[in-house]
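New to this one? Have a look at the sequence and the model first, and then we'll walk through some of its parts together.

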Amino acid sequence: MGAQPTVSDVADVAGVSRQTVSNVLNSPQLVRPETRERVQAAIAELGYRPHASARRLRTQKSSTIGIRLDPITTDGISGSILDRFLHALTEQADRMNLRVLLFTASGPEGEIEQFRRLSDGADVDAFVLTSTFHGDPRTEWLIEHGQSFVTFGRPWGIDDMADPQHLWVDVDGSSGLRDATAYLLGTGARRIGFVGWPSGSGTGDDRRRGWLDAMRAGSGLGDDDLASLEVAAEDGVTFGADAMRRLERAAGTVDAVVCTSDSLALGALMATAGRIPVVGYDNTPVAASLGFSSVEQPLDEVAAGVLDLLTGTHGGRVHPGSSTADPMHRLVAPHLVVRDGPTVITAAR
């Protein structure tokens with residue numbers, strides 16, 4: 001018998017016809033339970049796997065998920081979160097006999113062109129999107145063209161959050177920054193600053209809300225003090241360092257800082273030379289290697305949720321008015337990874 005067993009090999013071991021083996025693989029309801037069990041035992045014994053190309057011809061399915069490979073970030077820090085998500089998604093998809101096809105695009109319109117090309121060629125069955133934003137034309141195109149998809153990230157528009165045609169999985173950033181701020185308050189810090197992204201970023205605004213809720217509940221500071229304790233900056237280490245210097249000039253005393261990303265946190269640490277505790281977000285390898293606390297997103301759980309929405313009851317697509325008990329949207333809780341903090345940080349200039 002060859003290294004790659006065939007349907008005929010399975011049929012011989014199980015003592016059935018090739019058609020019966022085919023029925024077990026493609027229409028198991030047509031086969032008697034005892035015969036089905038015998039064929040399945042033979043499949044397991046031989047390690048038989050259906051030929052992917054032949055299966056696609058029969059089912060008109062590619063068993064392939066398409067996802068854009070995001071551009072490399074300038075500082076190589078914050079982008080690692082999507083790399084880790086992609087790894088988790090690919091690993092879990094492989095266990096489900098699904099493949100992940102990577103493609104590149106320069107922006108949303110370029111990504112839509114890739115959707116069109118891959119859909120026309122029947123190269124993929126569904127898409128996974130990342131980096132969502134309010135009014136995202138990518139999701140509008142996929143819904144309009146009846147394509148199956150799930151996003152890692154919410155649609156962010158108030159009227160869109162519960163849209164049954166847009167299935168999503170996301171991490172509760174507000175919860176993560178609220179827990180980080182509450183932890184710092186528990187250590188005795190009161191004037192806890194916030195270094196975030198400019199207003200308008202759904203993800204950034206969500207994380208800011210967590211800091212603000214915790215400060216209003218536990219710091220004893222008024223609105224004027226809280227306003228002086230937050231600054232905005234584009235994502236990046238040098239931007240984080242500049243933001244931290246602006247924060248200290250505006251607020252005076254700052255006991256600790258929480259940030260919307262590890263890139264900003266690293267910049268804040270460099271600007272303060274490690275004088276005060278700084279908490280980042282994403283728990284990147286940089287946070288682990290330098291030893292500062294950070295909020296970790298459970299990416300294995302996110303990937304599992306995405307695949308479940310793609311392959312479960314919804315199949316990546318829910319029509320308006322659908323009434324199903326299965327959730328269409330999933331919000332996953334992150335957790336704070338507490339570390340002692342770096343011992344030496346060189347100040348940024």
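## Starting with a turn after α1

Let's begin with G15, which comes right after helix α1 and has a positive phi, near 70°. Keep in mind that you're looking at a predicted model. Helix α1 itself covers residues 7–14, and its buried residues are V7, D9, V10, A11 and A14.

A little further on is Q19, which belongs to helix α2 (residues 18–26). How far is Q19 from V7 in space, C-alpha to C-alpha? The answer is 9.0 Å, with the two positions twelve residues apart in sequence numbering. Q19 has a relative accessibility of 49%, so it counts as partly exposed, while V7 is on the list of buried residues in α1.

## The whole chain

Now for the wide view. The protein chain has 349 residues, and 47% of them count as buried. Its secondary structure adds up to 14 helices and twelve strands.

How much of the contact network joins residues at least 24 apart? Taking contacts between residues at least 6 apart in sequence, the share is 62%. As for the outside, the chain exposes about 16800 Å², and 50% of that comes from carbon and sulfur atoms.

## Two helices, α5 and α14

Helix α14 runs over residues 299–311. Does its length match or miss what you'd expect from a helix? Its 13 residues, at 1.5 Å a residue, should span 18 Å, and the end C-alpha atoms are indeed 18 Å apart, so the two agree. Buried along α14 are L299, V302, A303, G305, V306, L307, L309 and L310. These buried residues pack against a whole set of elements: β1, α5, β3, β4, β5 and β11.

Helix α5 is one of those partners. It has 16 residues, and its first and last C-alpha atoms are 23 Å apart, close to the 22 Å expected at 1.5 Å a residue. Its buried residues are S80, I81, L82, F85, L86, A88, L89, Q92 and A93, and they pack against β1, β2, β3, β4, α13 and α14. Strands β1, β3 and β4 therefore turn up as packing partners of the buried residues in α14 and in α5. Just past the end of α5, N97 takes a positive phi of about 60°.

## R68 and T130

Is R68 buried or exposed? It has a relative accessibility of 16%, and because buried means under 20%, R68 counts as buried. You'll find R68 in strand β1, residues 64–68. Its side chain reaches the backbone oxygen of A105 at 2.9 Å. Setting aside neighbours within four places in sequence, R68 is in contact with F103, A105, S106, G107, E111 and V128.

T130 sits in the loop between β3 and α7. With a relative accessibility of 8%, T130 counts as buried too. Again leaving out neighbours within four places in sequence, the contacts of T130 are I67, D70, L82, F85, R138 and F152. Two of those, L82 and F85, are among the buried residues of α5.

## Rings that meet

The structure holds six aromatic pairs. One of them is F115 with W141, a tilted pair whose ring centres are 6.1 Å apart, with 35° between the planes. F115 is in helix α6 (residues 108–120) and W141 in helix α7 (residues 137–144), so this pair links distant parts of the chain, 26 residues apart. F115 and W141 are both buried.

Then there's F194 with W211. Why does this pair count as stacked? The ring centres are 5.3 Å apart and the planes meet at 20°, so the pair is stacked; the cut-off for stacking is under 30 degrees. F194 lies in strand β6 (residues 192–196) and W211 in helix α9 (residues 202–218), so the pair ties together parts 17 residues apart in sequence. Both of these residues, F194 and W211, are buried.

Some rings gather in a group: F103, F115, F127 and W141 form one aromatic cluster. You've met F103 already, as one of the contacts of R68. Finally, look at R207, whose charged end sits over the ring of Y281, 3.6 Å from the ring's centre.

Conventions:
Residues numbered from 1 in each chain as written. Predicted model: local features only at pLDDT ≥ 70, side-chain atom pairs only at ≥ 80, totals over all residues. Heavy atoms only, no water. Phe/Tyr/Trp six-rings, centres within 6.5 Å; stacked < 30°, edge-to-face > 60°. Helix = DSSP H or I, 4+ residues; strand = E, 2+ residues; numbered from the N terminus. Buried < 20%, exposed > 50% of the residue type's maximum accessible area, 1.4 Å probe, protein only. Lys NZ or Arg CZ within 6 Å of the ring centre and 35° of its normal. Polar contact = N/O pair within 3.5 Å; in protein donor to acceptor, adjacent residues only side chain to side chain. Contact = heavy atoms within 4.5 Å. Expected span 1.5 Å × (residues − 1). Areas by Shrake-Rupley, 256 points an atom, 1.4 Å probe, with all protein chains shown as cover.
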